[in-house]
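Dear colleague,

Please find the structure we discussed below. I would be grateful if you could read the notes that follow alongside it.

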Amino acid sequence: MPPSVYSYPESSQVAAALGKHILSIQESSNSSQPFRVAVSGGSLINALRKALVEDSEIASQINWSNWAIYFSDERLVELDHADSNYGLLKRDLLDHIKGTEQPTVYTIDSSLLDNASAIAEKYQEVLHKNFNIKNDSSIPIFDLILLGCGPDGHTCSLFPGHSLLKEESKSVAFIEDSPKPPPRRITLTFPVVNNAKNVVFVAEGAGKAPILKIIFEQPEEGLPSSIVNTKAKGAVSWFVNDPAVEGVNVQKSLL
Ligand SMILES: O=C1O[C@H](COP(=O)(O)O)[C@@H](O)[C@H](O)[C@H]1O
């Protein structure tokens, strides 16, 4: 199924549509199980706060206590460090949730920060235990993976041309030479991202247009975000503002 692209003139409209879309995925998921979501860092978090917390109509319907939040990628720094994706999620989203309901959030084990391989293995262990994965050939199936897209086309911490793009057996991998600082990170791998029931990208601003042009018009370039567009088994949706897709040949959908 080709990705759906929802584009709006204003960021506030992007957030409103994003909120509705996420709510509809929450509503259609099996409520007797945790709603399993992976979040990225970067500009996504601001859009999520507007969509899920500041929009009071959507906010009242988000069942936070049933959400189990994992990280699509995480930087190997202390959880309260400015570069931590958890830190960003906490400061810019979790701390703004009104009421007492909070999601369960699965962070990296920061006692292992010196050992990237051990952190990735531990995160994978937690993931596999919580998803009831009994053998190494099974892959977790997230209800929803929320992604950003960097100006080089990276998503998660899967960077163009990096050997991690070929990872086929692990669910979580580490990288110590990320071209974008900080260099040490862990990331979900393509087998997991492409196995999710729903993948949602959020990309805003004119600065993203040149890379979105390549992602959508030249998938053969194999940029990480294109790989998700072409290989994901579930539904892939992009929520963008008009400047991000200015001059990009995409079929826009309506929500
Ligand atoms: O380094 C990262 O960058 C990407 C993209 O961020 P954005 O600010 O350009 O949207 C993000 O999705 C990823 O989680 C993060 O670690």
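The notes below set out what was found, beginning with the annotated domain.

Please bear in mind that this is a predicted model. An unreviewed UniProt entry assigns the feature "domain: Glucosamine/galactosamine-6-phosphate isomerase" to residues 10-238. Over residues 10-238, helix accounts for 34% of the chain and strand for 16%, while the end C-alpha atoms lie 15 Å apart.

Helix α1 (residues 11-28) packs with helix α2 (residues 44-54) at an angle of about 65°, and their axes are 8 Å apart. Angles of 65 to 115 degrees count as roughly perpendicular, and α1 and α2 are therefore roughly perpendicular to each other. Their crossing is right-handed. On the α1 side, the contact is made by Val14, Ala15, Leu18, Gly19 and Ile22; on the α2 side, by Ala47, Lys50, Ala51 and Leu52. By class, the contact of α1 with α2 comprises seven nonpolar residues, one polar and one charged.

Turning to the ligand, 13 residues surround it, of which Ser40, Gly41, Gly42, Ser43 and Gly148 come nearest. The shell around the ligand consists of nine polar, two nonpolar and two charged residues.

Two points of backbone geometry may also interest you. Pro181 and Pro182 are joined by a cis peptide bond, with omega about -5°; Pro182 is located in the loop between β7 (172-175) and β8 (185-188). Asn132 is not a glycine, yet has a positive phi of about 55°. The loop between α5 (116-130) and β6 (144-147) contains Asn132.

With kind regards

Key: Residues are numbered from 1 along each chain as its sequence is written. This is a predicted model: local features need pLDDT of at least 70, side-chain atom pairs count only at pLDDT 80 or more; totals for chains, interfaces and linings use all residues. Axes are lines fitted to C-alpha atoms, for helices over the stretch in contact, and angles run from 0 to 180 degrees between N-to-C directions. Helices (H or I, at least four residues) and strands (E, at least two) are DSSP runs, numbered from the N terminus. Angles under 35 degrees count as roughly parallel, over 145 as roughly antiparallel, 65 to 115 as roughly perpendicular and the rest as oblique. A crossing is left-handed if the near helix is turned anticlockwise from the far one by less than a right angle, and right-handed if clockwise. Two residues are in contact if their C-beta atoms, placed from the backbone, lie within 7 Å. Ala, Val, Leu, Ile, Met, Phe, Trp, Tyr, Cys and Pro count as nonpolar, Asp, Glu, Lys and Arg as charged, and the others, Gly among them, as polar. A residue is near a molecule or strand if its C-beta atom, placed from the backbone, lies within 6 Å of it. UniProt positions are given in the numbering used here, feature names are shortened, and annotations may be inferred rather than shown by experiment.
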